[in-house]
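Me: Please take a close look at one side chain in this model. Then carry on from there and tell me what other side chains hold on to.

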Amino acid sequence: MAFCVGGFIVKVSRSISVKQVSEAFGINENIDEFVDNSSWFYPIEKKNGDIRYIFIANNQLKAIQSWILENILEDVKISDAANAYVSKKSIFTNAQCHVGYKGMIKLDIMNFFDAINRDDISKIFENLGFSKDVAMLFGKLCSNKNILNQGFSTSPMLSNIFFYKYDKLIEKILNEKYGKNTFVYTRYSDDITISTSKTFTFDDLMKLSSEIENLLLPKFKINKMKKKIILGKYPAKVTGINVFKEYMSVSKKIRRRIKREIHYCEKFGVSGHLKYVGEYNRQNFFGYLRGTAHFIGNTDKKLALKLLERIDMLEFRDRVTQKKL
C-alpha cells in the first residue's frame, strides 16, 4: 500500500504509526477536531416521521476516506448474502434470489448504521493487522459523533464488513437447523429477506423469525412495524421489486406512470405535456424517461425496448418542433 499525498507516493505497511498516518494525510490537529471541522450534516425526514442525518465530508476528508476505501477496505471479505454496496449487485439481484418462494420472512433493522459505533469500526482495522492506535485513528476518520455515519464513502463497505459475522450466524442457523438450500437468505443493507420454496406453516416462520431477531440482539433491533411473514401469497415486494412464483417485475405504478407520460407527450407534445403538469422548465426530461425505461429493463427487456423506441421518436419530434420555433 502507499499514500499519494501532494503528488508524492508514501509507502505504508501495517506497522505504520499514528504520526506517520497523520503526516501523510496532512492532518495537523486533533483527529476528533479535524473530523468535526471537515464534515457537516443535514436532516432528512423518513416516511415514519423520524429524522435521519446525512453526513458530508469536505474535499480533504473525502480524499482520505476514498483512499482508505480503495486501499484497505475494498478487498475485505464480505458475505455473499450482501447485495447492497457491492459491485454487480443491486436491488434486482437481491429480489431475484427469492423468485419461486412459498414462504418469506422480511425484517428491517432499526438504525442500522447508528448501531455500529467507532469502537466497532476501529476493531475492523485492528483485525486487518494495524496497531490498536492506528486502528482507532482510522476509526475516527471513518466516523463522527461516535457512529458509522450515512454519507461517508467508507460507511457502506464498513457496514457490510461488520455485519459479516451476523450474516454467517444467520446462514448457520438456516443450514444446520433446517438443512442446506431449504432457505435463501439475502440482505440489502438493513433489509433482511429469508425465503423458502418448501412448505412451512406461519408458526414455523414466526419461530424462525424470533430466532433471527434474538441472534441480532443486543447490537441490532428489528423494527416490529416492518416485520412481515408472507405465506403462499404473490407478489411479495423485496427491496421495492415485485417477486412472483416464476419471475420478478417493477411495480405497476412505475410502468403505468411512464406509459402515461409517453402517451400524453405523443398526444400533446413534450412541451405541451410538461406545461400542463406544471413542469415546463424541467431539466433532462428525456434522461428521466430513458432512466425509467432502463430500470424496467432489469425485469422486462421487451417492454423497455418498446418504451425506448417511443422515447427516441418523441425526442426526434421535439427537436424538429424546437427548430421550427
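Reply: **One threonine, then its wider setting**

Thr292 sits in helix 11, which runs over residues 285–297. (Helices are DSSP runs of H or I with at least four residues, strands are E runs of at least two, and both are numbered from the N terminus.) Before going further: this is a predicted model, so local features need pLDDT of at least 70 and side-chain atom pairs count only at pLDDT 80 or more, while totals for chains, interfaces and linings use all residues. Numbering starts from 1 along each chain as its sequence is written, and side-chain values use heavy atoms, with hydrogens and water left out.

Back to Thr292: it counts as buried because its relative accessibility is 9%. Buried means under 20% relative accessible area, exposed means over 50%, and partly exposed is in between (1.4 Å probe, protein chains only). Its side chain reaches the backbone oxygen of Tyr288 at 2.9 Å. Leaving aside residues up to four places away in sequence, Thr292 touches Ile254 and Ile258, contact being heavy atoms within 4.5 Å.

Glu211 makes a nice companion case. This residue lies in helix 8 (residues 202–216) and is buried at 17% relative accessible area. Its side chain has a 3.0 Å polar contact with that of Tyr178. (That's a pair of N or O atoms within 3.5 Å; within protein, one must be able to donate a hydrogen and the other to accept it, and residues adjacent in sequence count only if both atoms are side-chain atoms.) Beyond four places in sequence, Glu211 touches Ile173, Lys177 and Tyr178.

Now the charged pairs: there are 15 salt bridges, each a side-chain nitrogen of Lys or Arg within 4 Å of a carboxyl oxygen of Asp or Glu. In one of them, Lys219 pairs with Asp120, with the closest N and O atoms 2.5 Å apart. Lys219 is in the loop between helix 8 and strand 8 (228–231) and Asp120 is in helix 5, so the pair ties together parts 99 residues apart in sequence. Lys219 is partly exposed at 23%, while Asp120 is buried at 16%.

The loop between helix 8 and strand 8 also supplies Lys224. Lys224 forms a salt bridge with Glu213, closest N and O atoms 2.5 Å apart. Glu213 is in helix 8, so this pair ties together parts eleven residues apart in sequence. Lys224 is exposed at 57%, whereas Glu213 is buried at 8%.
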